[in-house]
Amino acid sequence: MALPGRTGLPLEHAFSPHDAELRTAAPHLARRRFLTLTAAAAALAFTTNLPARGAFAAPRLEAARITEDPFTLGVASGDPLPESVLIWTRLAPAPFEADGGLGQQRVEVDWEVALDEYFFLTVQSGTVTAYPEYGHSVRVDVQGLEPGTPYYYRFRTGTWISPAGRTRTAPPAGDDTASLRLAAVACQAYHDGYYTVHRHLAQEDVDVVFHLGDYLYEYAVNSAGGARNYTDRVLPEVFNRETMTLADYRLRYALYKSDPDLRAVHAAHPFVVAWDDHETENNYAGAVDENGSAPEQFLVRRAAAYRAYWENQPLRAAQLPQGPDARLYRRLHWGTLAQFDVLDTRQYRSDQAYGDTPHAPGPESDDPARTMTGDAQERWLIDGWAASSALWNVMPQQVCFSQRKLDLNAEAKMSMDAWDGYRACRGRLVAGAKAAGVANWLVLTGDVHVGYAFDIKDDFDDPASATLGTEFTCTSVASGRDGVERPANWDTYLRANPHMKFYDGRRGYVRVELGRQDARADFRTVPIVTTPGAAVSTAASFVTEVGAPGLQPA
């Protein structure tokens with residue numbers, strides 16, 4: 001059953017697999033961050049998806065009484081299907097206040113979808129409710145649209161009208177679509193610089209943008225915005241602490257979405273989003289955080305982070321978290337041209353081997369029982385490949401898939417947080433791709449704050465072995481600050497990894513055009529993000545041909 005207005009939010013609440021651990025955490029909540037038994041009980045009800053007394057019974061606020069612009073966080077769309085697309089906004093007339101300036105009242109919001117930017121040709125419209133229980137976020141899974149068609153959308157409440165967004169539907173299922181233009185971005189630490197990358201990407205002619213994680217960082221942001229070094233504003237002290245609670249995470253999303261360039265890129269293109277670690281906590285693995293906290297305590301934090309993520313992203317009701325668990329991995333299609341298998345490499349993974357420090361692979365990291373994806377996601381991915389009829393099988397995910405030696409030693413160290421720390425799991429995926437006959441395999445990666453282009457090898461230690469696919473890492477939007485074209489380890493990495501065909505340390509994004517004959521990737525970079533306004537240029541371009549995997553300079 002759904003709430004009125006086709007929001008797609010379930011009224012029935014499923015139990016989380018972690019319910020027992022979360023109940024154990026209730027005393028810790030009461031001691032550490034909540035001042036009353038009532039607040040602790042409400043928090044536990046939230047984390048286990050057992051609705052607190054009075055949930056969804058919030059009083060209604062007459063929209064005409066809203067005196068400040070409630071659309072300060074912009075609009076977004078996501079996960080385009082042939083006949084539907086998800087549109088999103090979140091009401092916050094006072095975005096830097098915990099309740100967004102709307103208190104605990106529900107608000108009616110009108111929406112409309114049109115074929116033209118002036119909304120003369122409206123094709124769908126309706127009314128939804130923004131509930132305080134969901135941070136006054138609004139999402140509509142707009143059905144009955146024409147496949148392969150661009151649309152415009154907007155929201156209205158009272159006298160306020162949101163900015164218009166532009167989105168599109170996917171081509172019809174089975175359609176032999178000729179081409180697709182996509183972009184991939186990741187890692188946008190607000191405190192590391194301006195979103196110049198997003199400003200340029202908003203102007204690109206792409207069909208869809210994949211955000212591969214680290215949309216938000218849990219770290220404190222000082223009053224000057226960190227490296228942004230504001231002189232025209234002072235950020236509230238509420239941001240100058242690490243995010244721990246649902247209120248903390250909601251406020252941090254408000255800070256990030258207050259950036260005009262981030263709002264612009266969301267309004268310009270539909271997004272397909274997936275989290276990495278920082279949306280919750282640095283380098284967490286499943287129920288294990290980096291500080292050695294008790295799992296039942298960390299899962300309460302993870303529940304808050306996952307809930308805030310869903311509230312603030314253009315995701316369907318199927319991705320609504322159940323306590324600290326959420327089914328984020330999912331599959332999208334673009335006619336017969338491409339199948340996108342979007343992975344979650346954080347929620348189900350085994351803890352990093354060797355204390356999560358760079359280490360040569362060994363018995364601990366190579367234990368076959370270790371997993372990056374969890375058993376269910378691994379089976380889902382391999383079965384999806386076996387059933388795929390797409391020309392290109394694209395795997396958007398978070399951490400480096402290809403082997404990446406960090407030095408020139410005979411027993412080179414590798415990252416234990418990346419797939420090099422989970423080689424048995426990677427080997428099973430490689431075997432699954434080969435068994436399924438995946439001929440045109442493309443991996444999209446974020447995380448590392450640099451741009452890489454890899455040939456995916458059957459045996460990474462044998463340069464003469466077969467090339468099975470291609471991996472592009474998209475560098476970062478802002479994380480790592482300005483960066484340089486050739487970092488200090490540039491020569492070492494290229495010598496240690498012959499399958500690494502490109503390495504650039506600047507900020508930017510990767511733009512990919514998939515066609516029936518080949519795929520072309522352009523690495524787009526900016527020289528600086530600590531001051532706004534830098535120009536964008538193409539650092540390098542590569543082509544990989546259909547049926548003949550392997551990167552060639554374009």
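Where in the chain is Leu115 found? In this predicted model, Leu115 sits in the loop that runs between β3 (107–114) and β4 (122–130).

## Surface patch around Leu115

Leu115 has a relative accessibility of 41% and therefore counts as partly exposed. Together with Tyr118, Phe120, Leu121 and Val123, Leu115 makes a nonpolar surface patch of about 560 Å².

## The chain as a whole

The secondary structure comprises nine helices and 22 strands. The chain has 554 residues, of which 60% count as buried. Its exposed area is about 20,300 Å², with 51% supplied by carbon and sulfur atoms.

Contacts between residues at least 6 apart in sequence were also examined by separation: 71% of them join residues at least 24 apart.

## Helix α7

Helix α7 covers residues 375–387, 13 residues in total. From the first C-alpha to the last, α7 reaches 18 Å, close to the 18 Å expected at 1.5 Å a residue. The buried residues of α7 are Gln377, Glu378, Trp380, Leu381, Gly384 and Trp385. Viewed down the axis of α7, these buried residues fall within an arc of 165°, so they line one face of the helix.

The other side of α7 carries the exposed residues Asp375, Arg379, Asp383, Ala386 and Ala387. Which elements are included in what covers the buried residues of α7? Among them are the strands β12 (330–334), β13 (338–342), β14 (392–396) and β15 (441–445), along with helix α8 (423–435).

## Salt bridges involving helix α8

The count of salt bridges comes to 29. One of the pairs is Asp366 and Arg423, whose side chains meet with an N to O distance of 2.7 Å. Asp366 is in the loop between β13 and α7 and Arg423 is in helix α8, so this salt bridge ties together parts that are 57 residues apart in sequence. With a relative accessibility of 26%, Asp366 counts as partly exposed. Arg423 is partly exposed as well, its relative accessible area being 27%.

Helix α8 also holds Lys434, which forms a salt bridge with Asp458; the closest N and O atoms of this pair are 3.1 Å apart. Because Lys434 lies in α8 and Asp458 in the loop between β16 and β17, the pair ties together parts that are 24 residues apart in sequence. Lys434 is partly exposed at a relative accessible area of 45%, and Asp458 is partly exposed at 35%.

## Further salt bridges

Another salt bridge joins the side chains of Asp461 and Lys405, with 3.5 Å from N to O. This pair links distant parts of the chain, 56 residues apart: Asp461 is in the loop between β16 (451–457) and β17 (467–474), and Lys405 is in the loop between β14 and α8. The loop between β16 and β17 thus holds Asp461 and also Asp458, the partner of Lys434.

Which residues are linked in a network of salt bridges? The network is made up of Glu204, Arg511, Arg520, Asp522 and Arg524.

Conventions. Residues are numbered from 1 along each chain as its sequence is written. This is a predicted model: local features need pLDDT of at least 70, side-chain atom pairs count only at pLDDT 80 or more; totals for chains, interfaces and linings use all residues. Side-chain values use heavy atoms; hydrogens and water are left out. Patches are made of residues with over 30% relative accessible area and no salt bridge: like charges are joined within 9 Å, nonpolar side chains (Val, Leu, Ile, Met, Phe, Trp, Tyr) within 5 Å. Accessible areas come from the Shrake-Rupley method with a 1.4 Å probe; for residues, only the protein chains shown count as cover. A salt bridge is a side-chain nitrogen of Lys or Arg within 4 Å of a carboxyl oxygen of Asp or Glu. Helices (H or I, at least four residues) and strands (E, at least two) are DSSP runs, numbered from the N terminus. Buried means under 20% relative accessible area, exposed over 50%, partly exposed in between (1.4 Å probe, protein chains only). The expected span of a helix is 1.5 Å times one less than its number of residues. The arc is that of the directions from the helix axis to the C-beta atoms. Contact means heavy atoms within 4.5 Å.
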